[in-house]
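Biologist: I should like to understand how the terms used for a structure follow from its values. May we proceed term by term?

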Amino acid sequence: MAVRATLFGSVGTAGQRCTTCRRLYVHESLYDTVVGKLAAIYKKLKVGNPLEEGVLVGPLHTASAVQKFEETVATAISQGGKIIVGGKRQEGAPSNLYVQPTIIEIDQSAAVVRKEAFVPILYTMKFKTIEEAIQLNNNVEEGLSAAMFSKNISNIMKWTGPTGADTGIANVNIPTNGAEIGGAFGGEKATGGGRESGSDSWKQYMRRQSTTINYGTALPLAQGINFDV
């Protein structure tokens, strides 16, 4: 489930969503298995005209986005990154706006990991403890969406608690993208505050009113004040 969710989160809309999965942290005991399965699926992805049957990866929106893709790949390699899959323009594509969905294994200390590019590049890294994973997740300026996959209730509570993910959206066992319309959508930190959809949508159309009703025969005053004469 985590592999499938990561695939959709990182490749959907050709990696150009604000909620696209950019960084994948996998426990060191599962890293080779998870990344290996993900890489195998990446190699099977059909890149091309998104209106054609079976195509899951369409074009980038501009030539400058393609340039950003190539520059980011080059920067990642210069900072110690290793390309597992992709890293180039897509050969035989309908235009020069198509690139290969890319997985790059890299160390968290690389500066490129914390730079937003809006292209289909996924960085993969290992972690040892849930506390380390949360710290690594939060170690960026942006704070829109993040997701965790676990069956451990304790770890899930840490992820969603006050010392957990510092993003406006903190999913559990679903991808980072494709936010539920029933939930308030918005981010924290450099992403900016404020929410839309969910409970915050209907508040824009309402007049808020506070009403306190005393059903007793005595008159309790606010904050328990004594005002007898």
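Biologist: Which residue follows α1, and what is the sign of its phi?

Modeller: In this predicted model, the residue after α1 is T13, and its phi is positive, near 55°.

Biologist: Why is helix α1 called largely enclosed?

Modeller: Buried means under 20% relative accessible area. Seven of the 10 residues of α1 (residues 2-11) meet that description, so the helix is largely enclosed by the rest of the structure. The buried residues are V3, A5, T6, L7, G9, S10 and V11.

Biologist: What covers the buried residues of α1?

Modeller: The covering elements include β1, α2 and β4.

Biologist: What makes β1 and β2 edge strands?

Modeller: Two strands pair if at least two bridges are found between them. The open sheet has four strands in the order β1-β4-β3-β2, with mixed pairing. Strands β1 (23-27) and β2 (82-85) each pair on one side only, and they are the edge strands. From one strand to the next, the twist averages 35°.

Biologist: How do you know that β3 and β4 pair?

Modeller: The requirement is at least two bridges. Strand β3 (residues 102-105) and strand β4 (residues 121-127) are joined over four bridges, in the parallel sense. Within this pairing, E105 stands opposite T124 in β4.

Biologist: What makes you say that helix α2 packs on the sheet?

Modeller: Contact means heavy atoms within 4.5 Å. Helix α2 (residues 31-42) touches β1, β2, β3 and β4, and it packs on the sheet. The direction of α2 makes about 165° with that of β4.

Definitions and conventions. Residues numbered from 1 in each chain as written. Predicted model: local features only at pLDDT ≥ 70, side-chain atom pairs only at ≥ 80, totals over all residues. Heavy atoms only, no water. Helix = DSSP H or I, 4+ residues; strand = E, 2+ residues; numbered from the N terminus. Axes fitted to C-alpha atoms, helices over the stretch in contact; angles between N-to-C directions. Buried < 20%, exposed > 50% of the residue type's maximum accessible area, 1.4 Å probe, protein only.
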